[in-house]
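This report goes through a predicted model. It takes up one enclosed helix, then the chains, the nonpolar core, a helix pair and a few loop residues.

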Amino acid sequence: MEAIQTASAYLFSPQGVMLVVLGTVLGITMGAIPGLTGAMLIALTLPLTFNMDPINAFILLISMYVGSISGGLITATLLRMPGTPASIMTTMDGYPMAKAGRPGRALGLGITASFVGGCISWLFLITLSGPIALYSTKLGPFDFFALVLLALVLIASIGGKSISLAFLSASLGVLASLPGIDKATGNLRMTFGFEELNGGLKLLPVLIGLFAISQVISDLARLEEKITIIPLKRTREMLFSLKDWKDQAVNLIRSSVIGTWIGILPGIGANIGSVSAYSAAKSFSKPEEQEKFGKGSETAIVAAESANNATIGGALIPLVSLGIPGSVVDAILLGGLLIHGLQPGPLLFQQNPEMVYTIMGAMFVSNVFMILFMLLAVRYIARLAALPRSLLMPVILVFCIIGSFALSTRMFDVWTMIFFGLLGFAFERMKVPLAPFVIGFILAPIAEENLQAGLMASNGSFLPLVQRPVSLIFILASALLLAAPLYKKFKYSDTPDS
Amino acid sequence: MAARRSGDTTCLTLEQTRRDVAFHLQPEQTMVDRYVPERLNGRRCAQWGHDSMKSAFGPSKTQSQIDRMTETQRSALKHSIVGLLILFSIAQYVKLGSSMGDEFPRKPIRVVVPFQPGGGSDTFARIVQKAINDYELMPQPLVVVNKPGGGTSIGSSYVKDARPDGYTALCLHEALMVAKSNGQSPNGPADYEVAAATGEFGVVLLVSEESPYDSLGDLMSAAQSSPETVKFGVNLNTPTHFTAIMLENTLPGARFRFVATGGGAHRLAGVMGGHLDVIILSVGEYVRFKQNGLKAIAYLGKERVASIPEVPTGEELGFPVYSGNLHYWWFPKGTDASVVSYFAEVLGKVMKTEYVTQRLQELQVLPRIIVGDELSQRIDDRMATFGTVKPEQRVELPDFERWTVAFVLVILGIVIVNRIRSQKSETDSESGTRLRYDFAFGALAMTIVYVLLMGLGFVSFVWATILYVVAAGLFLTRMDRKKWIPILQVALLMSFGLHYVFTQLFTIDLP
């Protein structure tokens, strides 16, 4: 009780409020700028907090986390560039809706869904952090592999028109994840003697290249056409009506719960949470709504944005209760705790309860501030995108280059980014979907590591995969998910495939 | 203003943009829609309402003059803010250049940590950084740079190839030697000048509290009597793996079943979830996590540690494995000896500061420092020890590369077949406007030249960026003279401004 008082005293002091505002605004802005992500912002800010009080430092960092996951939706909707990886799925429906003349609606849906996602996952964080985190340690490598397999199969249902193209994209993504060190043997593979490739291809340059650079290329090719940055008008339509609440309630809750759960699992971040909720929302929708997915579906935006914000609370659960990071950002936050002389782990609850409650409180307060700020200021943030394109494009390119470079101050990452920019552009021209590539790229190493660890533990036997109840459930679910679209295709094969 | 009242933000923005230009040029002339495609402005504004039309094209003359006055003032204000920002960042840049002294170090020393931020090495390096900067132990600050990847080889290669001027160093523990002796990295101690080894941290062997192995003896005899059944979680080909093999070597016939489990957090989860039988963690990690139902069965050091006096050493139990580790500070080969010893001296002072001793105690790291002959002796000893360890692959694993390549080829085949079959329906719907690939690829070529210039170190970030933004801006606007001033503004803001933000505020290096 005393700890809660201490935490709220910090949080609601003028300084604390200022830090929430600063962190959230910076997070939203960085999140909105393609190529600059929350992970980067937080990693860059961490050294700046060394001289601050640990509690104040964490108020700032958590606010940045909340802001950055939320800000990505602005550019995802208005520019078709996911400001952060977490907003990939928002791009698929937010942009078409904005293009169809309803950018305010698309942003409004995203913003409110983000807020609700944050609140629901926050409830999980404060009530269940202990027990749930304990349960997640019971999952073995085979369970993890089966879970990731399930997520990989899910991409088939979001792949767009052609399942074969989606699988091609995904398998190329898997291929791109292979170079570097094989985690199971510790040996190098597929580096072709090129030493810079020893570290593999990093997610950030690949992502910036695929989504931002390829977009810049096609934008430049259309420089003489009309502006593709979608103007924001009628900001009143951003607010949720009573009908919206009624229509989306189930979707909001389902997506937030999915996001929270995916957030809890170590190593799987906001982007996967968003993908899973998107797929789930699609399969739970009526056929006529399913048709709209990828073309500007309201349900899709709500699912994607509530889930990615819900991963924040989810990912914080293992961080505060076990000292195990649930996402990339949490790994940086874990480092932050250590740097400030705090011992993450169950002892944190006993030794520094005020820190636990600060993290929880900051997440909530920042979430509230986020929705206010986004609703009021989204048009000003969007103005960054309203600059003339002939000026904006070089600026975006410089940001992409610095963003890739600052990751580990290596020029190699910049070249990687440019290469994947060209690849992404080629993909777009050949109508190969990009999202499965990224999903394959992110998930393959997780699947591989877990399968290898499992096989090493079982001495090479695949049997535990179907013997363990948890992994069996996931395997069966993947099989069902794989069969469902094929079944549908057969059943509706009379109707022409548009 | 009318447009504002109607909530019509875009027309307002476009109008403002036009007026920004107007500020620089002849105000009257620019009302013509050259800046913004006519179609957009005309049609959309018309759709959105009369009010905005009025303000944009100004049917009421007095009203529009008043508007323009205030707009011009607003624009002037905006431009003076931009100008101030540019001046401020240029001033910062100049200040940075003039702050260099005559003696070493004349500029900040960059320390490369080949791991992600937040890990043990990163934390340690940043503690040293803070001590040097806070106690002013050097006239210039220390800057920590993370270069993770490739085991540790990305970071170690970077420092090996850096100019040996003393301004680039590597902070890396014995992983450097392990990576060298298993061939994972081409870089070994011989490629560097070593300044010092600091901050000793030991490791412990851990089992779950419910584990059938009550002691190291139990564990070893189980590994001996039924080889390759005891599941040992390690990070393959890193010091943890080598330590485990050295442990096997102390008892003939003892063999563990190695399970690749990555970092400390994953190992911990594995042993807690019952998926692993035994793991290695640093003392600091053990102290932090022991409440989670863990039991230390041995400390792998020469003598017991004060913070966990109840844990016996491996040697006491008859399994003499010593796996103490320190953070070594490496400079590129050929760095001047006086520079290296100067840095060792600074580190000596660092380890004595109150801040460092206190922080290291919290992390269960001993504030030890080894320099000179003792240090080279230690490196030779450790290299010899690691040379005797031969890791091998014990379980046949599926060949992921082959499977992936095969899968890609199969899918590619299907896609190609599908394409051929449905070729007639494949008409390009994207006609209408001609795509300007000369713009796209011209700008891309400029970007590549820009990256090349910085990558090869010909030009620094600031100048390359000015050049690039101006060149690309002029190219994309087709040398439109009206855009020169905004282009220059953007160029200056991007170059000096970002340089200030990254190097001064965030202490991140730019090319």
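Helix 7 of chain B (residues 153–160) is largely enclosed by the rest of the structure, because eight of its eight residues are buried. These buried residues are B:S153, B:I154, B:G155, B:S156, B:S157, B:Y158, B:V159 and B:K160. Their packing partners in chain B are four strands and a helix: strand 1 (109–113), strand 3 (168–172), strand 4 (192–201), strand 10 (325–332) and helix 8 (175–181).

**The two chains**

The table sets out the composition, burial and contact range of each chain.

| Chain | Helices and strands | Buried residues | Contacts at least 24 apart, among those at least 6 apart in sequence |
|---|---|---|---|
| A | 21 helices, two strands | 68% of 498 residues | 78% |
| B | 19 helices, eleven strands | 43% of 511 residues | 72% |

**The largest nonpolar core**

In soluble globular proteins, nonpolar side chains tend to be buried together. The largest nonpolar core in this model has 291 residues, and the members that touch the most others are B:V204 and B:L206. Helix 4 of chain A (residues 54–78) supplies the largest share of this core, with 15 residues. In chain B, domain 2 (109–201 + 325–387) and domain 3 (203–299) both contribute residues, so the core lies between them.

Which residues does B:L206 contact, apart from its neighbours within four places in sequence? They are B:V271, B:V278, B:I279, B:L281, B:Y286, B:L294, B:K295 and B:A296.

**A helix pair in chain A**

Helix 10 (residues 242–264) and helix 11 (residues 270–284) of chain A pack with their axes 8 Å apart, at an angle of about 145°. The crossing of helix 10 of chain A past helix 11 of chain A is right-handed. On the side of helix 10 of chain A, the contact is made by A:N251, A:R254, A:S255, A:I258, A:G259, A:I262 and A:G263. Helix 11 of chain A brings A:I272, A:G273, A:S276, A:A277, A:A280 and A:A281 to the contact. Sorted by class, the residues of this contact are six nonpolar, six polar and one charged.

**Residues with positive phi**

A:N459 is not a glycine, yet its phi is positive, at about 60°. It sits in the loop between helix 19 (435–457) and helix 20 (464–467) of chain A. Is A:N459 partly exposed or buried? A:N459 has 13 other C-beta atoms within 10 Å and is therefore partly exposed.

Chain B has a residue of this kind in B:Q364, a non-glycine residue with a positive phi near 60°. The loop that holds B:Q364 runs between helix 14 (354–362) and strand 11 (366–370) of chain B. Around B:Q364 there are 19 other C-beta atoms within 10 Å, so B:Q364 counts as partly exposed; a buried residue needs 20 or more.

**A residue pair in chain B**

B:L452 belongs to helix 17 of chain B (residues 437–455). It has 15 C-beta neighbours inside 10 Å and so counts as partly exposed. Between B:L452 and B:A464 the C-alpha to C-alpha distance is 9.9 Å, and the two residues are twelve apart in sequence.

Key
Residues are numbered from 1 along each chain as its sequence is written. Chains are lettered from A and ligands numbered from 1 in the order in which they are written. This is a predicted model: local features need pLDDT of at least 70, side-chain atom pairs count only at pLDDT 80 or more; totals for chains, interfaces and linings use all residues. A nonpolar core is a set of buried Ala, Val, Leu, Ile, Met, Phe, Trp, Tyr and Cys residues joined through C-beta atoms within 7 Å. A residue is buried if 20 or more other C-beta atoms lie within 10 Å of its own, exposed if 12 or fewer, and partly exposed in between; C-beta atoms are placed from the backbone. Domain bounds come from an automatic or database domain assignment. Two residues are in contact if their C-beta atoms, placed from the backbone, lie within 7 Å. Axes are lines fitted to C-alpha atoms, for helices over the stretch in contact, and angles run from 0 to 180 degrees between N-to-C directions. A crossing is left-handed if the near helix is turned anticlockwise from the far one by less than a right angle, and right-handed if clockwise. Ala, Val, Leu, Ile, Met, Phe, Trp, Tyr, Cys and Pro count as nonpolar, Asp, Glu, Lys and Arg as charged, and the others, Gly among them, as polar.
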